[in-house]
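Please look over the sequence and the model shown below before reading on. The paragraphs after it are meant to be followed with the structure open.

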Amino acid sequence: MLVSLNWLKNYVDIGEISPEQLAEKVTKSGIEVESVEYVAEKSENVVVGYVQSCEKHPNADKLNLCQVDTGEETLQIICGAPNIAQGQKVAVAKPGAVLPGNFKIKKVKLRGVESNGMICSLQELGIEEKYVPKEFAEGIFVFPEDVTVGESVEPLLNLNDAVLEFELTPNRADCLSMLGVAYEVAALLDQPLQLPSEEVEVTDEDAADYIKVEVEAKDLNPYYGAFVIKDIEVKDSPLWMKNHLIAAGIRPINNVVDITNFVMLEYGQPLHAFDYDRLQSENIVVRRAKDGEKLVTLDEQERTLSEEHLVITDGEKPVALAGVMGGLDTEVHEKTKTVLLEAAYFESSAVRKAVKDTGLRSESSTRFEKGIDPNRVREAGQRACQLLTQYAGGKVLANVVESDQIDRTEKKINLVTSEVNKRLGTEITAEDIADIFRKLRFHFEQDLEEFIVYAPTRRGDITIFEDLLEEIARVYGYDNLPFTLPEGEAQAGALTETQQLKRDVKRYLQSAGLMETITYSLTSSAKISQLISPEIQNLDPQAVALSMPMSEDHKYLRLSLLPELLSTISYNQARNQTDLFYFELGKIFVSQEKMITSQPSEQLRVSGALSGKWMEHPWQQEKKEVDFYVVKGIMEGLFNYLKLPVSFKKGTIPQMHPGRSAVILINGKEVGFIGQVHPALQKESGLKDTYVFDVNMEEVIAEHSAVPSYSQIPKYPSISRDIAFIMDKQIPAGDVKQTIVELGAPLVKQVNIFDVYQGENIGENKKSVAYSLVYQHPDKTLTDEEVEESYTNILHNVNEKYDAYVRS
Amino acid sequence: MKEQLETIKQEALGRIVSADELKELQDIKVAYLGKKGSLTSVLRGMGKLSKEERPIIGELANEVRETITTALEEKGQKLEELALEKQLEEEAIDVTLPGRPVNVGGEHLLTKIVEEIEDLFIGMGYEVREGPEVETDYYNFEALNLPKGHPARDMQDTFYVTNELLMRTHTSPVQARTMKEFDGDQSVKMICPGKVYRRDTDDATHSHQFTQIEGLYVGKDVRMSDLKGTLDQFAKKMFGKDREIRLRPSFFPFTEPSVEMDISCKVCNGQGCSVCKGTGWIEILGAGMVHPNVLEMAGYDPKVYTGFAFGMGPERIAMLKYGVNDIRQFYTNDKRFLKQYHNA
């Protein structure tokens, strides 16, 4: 809402306060003032001049030579505007004048003839092009005749006005009117309020003889008032009204349209003027539209309506879409003589639906959508009639033809002073509260500490005690509330075990050298099916899509964190950022329903993508590219840190390198995978070799125990033994290790692989794998015999099971 | 015999002095003091001496042995020192060569801010709660006093999945869920960080996905001044103790009265500059007293229980605190961006 201060001053005296100070006051009490703008930069030495004569320039076709009386003197001015004519009153910038943009006016010679000033257009005086009335858009501005020659144009054209832009929250629809703003400002400044008069002189004729009003859809239209005004002369509206409209951001059109707009801005009540003579009957019928019914609106668009829309009809066909836009056929035009003025209350639901379906949002529909004041509907109509009498020569017929079921009562709300203080933490007295309601102009009854407050109908947002509480607090000043802390019982705050575990996992990965990322949860149709972990894929998850996505890139709820992570890797690689070690902790969304009806299961995962040099130390000739074992080491470290028994088995995962991927198992249960992204997908995604991991955090949380049980630090020495087996190349070294672990239990505490060799001396298709075993007994020192017995048993059984023999 | 001992002594000492390797000292030790050494063999002849001579010679022999031993030890120590010195000299390296690099990871800036706020409120006795990102219309809107058709729903453009399911537009549904879980008769003190979604086109100031942290305190006799005090503590801890806060009335459907909180601009110290658009204040969060309808719907009697709630955007806080000027940076994950804020 654009609030012109010159306009506002008609209703409330704002005294010496500057526009900026007022903006600050209004902002602090609840309505944010987005900006303070001045209609135009200061213009000096611009006055009204009378064009005494206007002749062609002797040496230029398109220029005119004018003699202009500016009161004190007559100036010879050359003017190029096409609409200049003798007898006009115009805005003259005299030599020495400074126009907006620091444009200085000097005496000049144009084609050999002297010109002592400039006749101005509104644009030249700083008014935005879009507000300039069409007739003056291409030329100079012409004043109405009643202005005085020599008068400064600044006040005449409202150039000295400041406009405050109110950023209204949905509850403050009352300030979509100048009167609403006036109530607010009067309360804040504690100033008297001057409301406009709605008095109007009427003729002997009765409007009821001209029109019948019938409302069928009373639920959506509790009040409809029709005024009839005859002998209208459509012409320009008065300059002051034009100025107000321009300041409020509305372009003046003609007096009838301007008056309906002016009253809408003044009262917050949208009005509509029909050309009475173009109505096909003497009936106004308000009803729900029929499905498929059509109406050509003012903007010359044909609209197809439905039963959810409310229309004004002439008894047969629609003439307006209620609260949104009038019909083209009954539009007021230059020759209109008799106007039917509609002042009505349309329920916001009906208007909102029509706006949504037609895409027509207007100053009028916005007000209906947010709710208007039932006590200002008829009154706004009367105000408009008054102005039409004054400025359009109209004769208003007696009586307004109405359909009236509207509730105009003010809601009663009880309030006790002690409760106010208990809720706000203040020590406000009953007198203070009474004073606040007086300033706000809320009616109330007071019995010592107790109040009955009548919420004014202009403030539809006030319905309960808490609403009054806010009114009291904001007028009292949020600044004046004390600072306290809740006095309730103290409670220990802490992260839950799961929340702590999530932080631990992040910390581990960070200290392992990985950077945390956050990517989008919404992904594209190409990515939705990529790199889904086998244990999720087994659930046959269905892709969940948004019903109205903003873009194809963010349409589906992700089933894996990896595709978006890979995008961040390729994004960085495309920008020459190499050596990327990224992880993310986030949710996937799993639904098994083909037609989704319930919330998907949101499952936490931790995933990573690594690409580039894991380590490089050139002068010592050390260099290591990220490979499978780098990622596996990070995973082993993670599960070791979390004290979860992890194992890996070769697995085939779609979009992963078939020879370089593995499934991760905890306690034998599949919880994710690691490996290299399939070279085909790498190529398609513009990725250099990239290795990933993907772990189901839900399983980790389920398996993890926060308090590890104590195990005795061994007191007795351990004994090490190494064995190297030569075995078939195909045999997984890890399988043999597992066998050794099982055979060696309980004396073997640790088995590590410390060497793998393939090549000369051991035969083709063979490899040698060296294992180191650590023996230890909790209660005694082991003897050589005991170790030897276990060792021999291992050799024997591994040989039997894998046909592996000891390398000597 | 006396002379013999004296000769041995002189000879041994002479050899010790000229020895320049530990090995040599070992040989000397063997040659004089060993089982077959010359001193030992002299001593072996002691039996032949008279009863009177024996203690004198014995004493002398011991003295010779001690002298040689001491000389050996001293020389040995000296040679060891020399050897160590030599070794250290050989082991010297060029300390100006670069070290072996270590990969250092780090947390995302948003995580840092979220955890900082979590820890701050945990310290004030709050618990951290989480909730689903795909919400029901009921919890996202209706339970928060936003019935279907409520004009304020327009404030939040929503990604719907079905008519009843949507991407949550704020973390407030976690409030409603928590209160419902607590069943209307215990106080609630929680914050809930999380991802939220709006139907926005991504640009420098809009993101279809962003982060929010909501706080809720419900109890008996909770006052609006408690909200003010709590927010003041938060602002001072988060932005510095010389920051001041200002509350302005505002509107949210789920609170009444509603509040917008500003902090005094750090750049200009409240004098007005381009960062605060000349106002001296910067908008940080929205808050208010929980609307009685919200309490009631969650099973709390608004005549007995009152409370306050607040909600803030970590992206906005990060942008203010660290000068990030494009919200997309948080989700693009450019390595150069991420690195800047590690250990920030």
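The text below goes from the nonpolar cores to the strands around one core residue.

The model is a predicted one, and a good place to enter it is its largest nonpolar core, which has 99 residues and in which Leu8(A), Tyr224(A) and Ile312(A) are those with the most contacts inside the core. Helix H4 of chain A, residues 178-189, supplies the largest share of this core, namely nine residues. Because domain 1 (2-39 + 162-189) and domain 3 (202-404) of chain A both give residues to this core, it lies between them. In soluble globular proteins, nonpolar side chains tend to be buried together. Another core, of 97 residues, lies apart from this one, and its residues include Ala609(A), Phe121(B), Val222(B) and Ile317(B).

Returning to Ile312(A), and leaving aside residues up to four places away in sequence, one finds that Ile312(A) touches, among others, Tyr224(A), Phe274(A), Val285(A), Ala320(A), Glu342(A) and Phe346(A). Ala320(A), a residue of strand S21(A), is also the bridge partner of Ile312(A).

The strands concerned are S20 (residues 310-313) and S21 (residues 318-321) of chain A, which pair in the antiparallel sense over three bridges. Their hairpin has four residues between the strands, and in it Gly315(A) takes a positive phi near 100°. S21(A) pairs in turn with strand S22 (residues 325-326) of chain A, again in the antiparallel sense, over two bridges, and here Leu321(A) stands opposite Met325(A) in S22(A). S21(A) and S22(A) likewise form a hairpin, with three residues between them, and Gly323(A) in the turn has a positive phi of about 80°.

Technical notes
Residues are numbered from 1 along each chain as its sequence is written. Chains are lettered from A and ligands numbered from 1 in the order in which they are written. This is a predicted model: local features need pLDDT of at least 70, side-chain atom pairs count only at pLDDT 80 or more; totals for chains, interfaces and linings use all residues. Side-chain values use heavy atoms; hydrogens and water are left out. A nonpolar core is a set of buried Ala, Val, Leu, Ile, Met, Phe, Trp, Tyr and Cys residues joined through side-chain atoms within 4.5 Å. Buried means under 20% relative accessible area, exposed over 50%, partly exposed in between (1.4 Å probe, protein chains only). Domain bounds come from an automatic or database domain assignment. Contact means heavy atoms within 4.5 Å. Two strands pair if DSSP finds at least two bridges between them.
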